[in-house]
Every structure is written in C-alpha cells, then in structure tokens.
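Please examine the sequence and the structure shown below. A series of questions and answers follows.

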Amino acid sequence: MSNMSELAINGGPKTKTTPYATTQRFGAEELEQLREALEQNTLFYGFGNKVKQACELMQQYTGRPYVVACSSGTAAVHLSLIACGIGPGDEVILTPNTDSGSVIGIIAEGAVPVFCDCNENMQPDVASIAARITPRTRAVVVVHLAGYPAQIDEINALCTAKGIGVVEDCAQSWGTRLNDRLVGTWGTAGAYSTNDFKHLSTGDGGFVTLEDETLYRRVFNYADKHYDRFFDLSQRQAHHGMNYRMSELQGAVAVAQLNKAEAITGSFHAVGRRFEDQLQNLKGASIVMPLSGGYATYWWSLLHPDWSQLRCTREELVAALQAEGVSCASYGGYDLIQSPLFQQGVVRPWLEAPRCRYPFVQPDGRTYTYDYTPTPTHKRLLETAIRFSVNGAYTNQDVDETTAAIHKVFNAYLA
Ligand SMILES: Cc1ncc(COP(=O)(O)O)c(C=O)c1O
C-alpha cells in the first residue's frame, strides 16, 4: 500500500512528469488534396471530385454500397433517421449518455426521444431498449460510445424483427468492431462525424453509410435541399430537405484522412489495450472493458472505482490523480436528461414566447417527461465513475506513467 505522504497532492513526487505526446494530424497528404481541390476551380461537391472520392473511400472502408457525405455528425444522425422514415409523433429510443448531436435530428422531425439505459460498459443495454419499445417506436439510435462497440448484433436482430429502424451513431467509434465487423455496417444506417474532436477530422463533416438504394436516394436528396441532382430531375424539390452538404475542401481533407484511417484508429486501439493490460490488476477499481468479441478504438475510457474499498470521495480521488499528472475527470458530462431541454420539456429555440412544448406534448395529448427512473445504471455511472483520456498519439511512457500514477493513488486510498 502506498503512503499518503507519497502522493503528489500531499507534496510527494509527481508520477507523470512529461506532457502527453500529441501528433501532427494534418500534413503533406492533406495539403496535396487541398491543392487539387482548389485547382478544380470549384468547391461544390456536385462539380468537383473530392467529396465523391471521399464517398468511394468510405464505401471501401465500410464495405457498404451507398455513402452520403454531409456537413456534420449531427447531420449524419438526422439523415440516418430520415432513412428510417421517422416523422412527427414517432418515438425514437437512445441512451442519454451522448452528445446532443444524437438527439437533435429526432426533435427536428417532431419525433419523441425515449431514453433507455446503458450498461456497465457505457453502451445501450439490449434489455432496456426492449423494455422501452412501444407500438410507436420507429427507430433506435445506437450510440457506440467512446470507441467501444454496443451489442449491435442483438439490438439489430431485436429491431429488425419488429420493423424498427436502427441508426448506428459511430461519431466516437471510427474503426470499432464487433465480431470482426465494423460498427456502422449492421443497422439501417451508419452515421459518422469528422468534427475536429474525432479520430478522423475534416474540421467539421460527416458521412452516412447505407445498404439500400432507395434509402440512399432519399438521404442524398434530403442532404441537398432535395435538388435531386443525380437522379430524376422531375423530382426536384418533391420533398423538403436541408442543406447538409459537404464542401470540396472538407472532402479533400476527408480523402487524406480516410487513406490513413486504419493507422489512426489502430494507434488508438494499441494505446487503449496497453491501458487495459496495465490496469487489469488495479486494486479498488476496474477499467471498463469492451464486449466479448469487441475491438475498441478507445476514444476515451472509464474507471469504475469500488467505493466500498476506498476511503475518499470521487473529488478527492480525481484531485489526487490530476496532481500526479493524469488527464482525468469525474464522469458526468454525458447526460442529456439533465439538460434544460429535457428537464423543462420545452423546445425554445428562437423566441421566449410562446414556448413550444412540441414534441414533448403531442397533439393527441401524450406527454413525455424525463427523469432517471428508466436509466439507473447511467445514473450510477454519472455519480461514481472516473473518465480518463486515451489518445493514439500517446507514447508507451505516457501510458506507463499514467497507469503507475493510477495504481499509486488507488493504493494510497485503499481502506
Ligand atoms: C456520439 C456523438 N454523436 C453525434 C455527434 C455530433 O457530431 P458533430 O459535432 O459532428 O455534429 C457527436 C459529436 O460530439 C458525438 O460524440
């Protein structure tokens, strides 16, 4: 057992002495692609080739025949919901431990978000999804959180049997697999983000992957104001749509990034595995593990402290870890239920009055309120877990010093 006085927070020597390594994400490949994009003398995807090339690379990467490029991960989830045919009054199930980009498309379509629980490894819980299904359920948004796969094989089977669409939100899970199959290739649609905080970055951007040609046309058109540019011009503006287009500049960077996707996600995998190996025998906590058959790409990770074995609060533990130089925080930010939008059941985007309670109050009188009753595991993780950073750029020394610091702090606080 370590001595309390050895902890950096108590004046002892710091364990992680060097700054975490970072990597240069953009280089000669991106510059070359951008130069080619500019030389096309157009930055519109319809006339240029970069977005088209990026979509072809996504087809090869995922093995899915149809890909639509778009402006963000939020747009990609929204478009995927369009593929599932959601509309006003439909219910869409998702976990609350996610970014608001997972839920915005649901509300934008006048559909109702219904929260299901996650399990210990942060992913949507199959039994909880099943329990939340009603005759009005039209789709499930399966968020593969933090580079770990959800139990997408079972969720997909459950939903397919009931005619419910499956949107895989892969924003945080580039390269993640279950049973050797990429996430994003199981459900009705796979939604990806290339915002600057993701494994692959184009600044902002996103992709939707699909199996079905009819849905591809629907999604392609919805993403471009239903201009129907490449299909049947008589159908132009036959439906409404958004301008969710990706520009040629984003497309150019996407080409360069997709060419190194395996290398980027592979380094996240290697760093995450090293953390796992070194924290297997941690006393006083366990590290979150991928499902059996899962290949994780560790966008970040989680520790589950066993508070019965520890004599400190979470805040004290996190402060001690941070004092050692560990990049970590109390897990708590990923919670849509606590956001004012759901607490008040009010959509208040532009004007203070009149407040609009749709879709939380439906025209048929149905009302939806949000609390933690259906999501006890999610609530427990928010209150007890510790999140720590993983990055593919980390050196072995970064990981080794971090895990040494984690062992040191937990040992010191063991009861
Ligand atoms: C799980 C998840 N879904 C969707 C999004 C939305 O992506 P974007 O920021 O590109 O709109 C994010 C972004 O943080 C995310 O983490």
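**Ligand site and strand β14**

Q: How far is an oxygen atom of the ligand from an N or O atom in the side chain of Thr74?
A: A polar contact is a pair of N or O atoms within 3.5 Å. The side chain of Thr74 offers such an N or O atom to an oxygen atom of the ligand, and the distance is 2.5 Å.

Residues are numbered from 1 along each chain as its sequence is written. The model is predicted: local features need pLDDT of at least 70, side-chain atom pairs count only at pLDDT 80 or more, totals for chains, interfaces and linings use all residues, and side-chain values use heavy atoms, with hydrogens and water left out.

Q: What share of the ligand's exposed area does the protein bury?
A: Accessible areas come from the Shrake-Rupley method with a 1.4 Å probe. Taken alone, the ligand exposes 390 Å². The share buried by the protein is 90%.

Q: Which side chain has an N or O atom 2.7 Å from an oxygen atom of the ligand?
A: For Ser102, a polar side-chain atom lies 3.4 Å from a nitrogen atom of the ligand. The contact at 2.7 Å involves an oxygen atom of the ligand and the side chain of Lys198.

Q: Which residue stands opposite Leu303 in β14?
A: Strands are DSSP runs (E, at least two residues), numbered from the N terminus, and two strands pair if DSSP finds at least two bridges between them. Strand β12 (residues 300-305) pairs with β14 in the antiparallel sense over four bridges. The covered face of β14 (residues 386-389) holds Ile386 and Phe388. Opposite Leu303 stands Ile386.

Notes:
Polar contact = N/O pair within 3.5 Å; in protein donor to acceptor, adjacent residues only side chain to side chain. Buried < 20%, exposed > 50% of the residue type's maximum accessible area, 1.4 Å probe, protein only.
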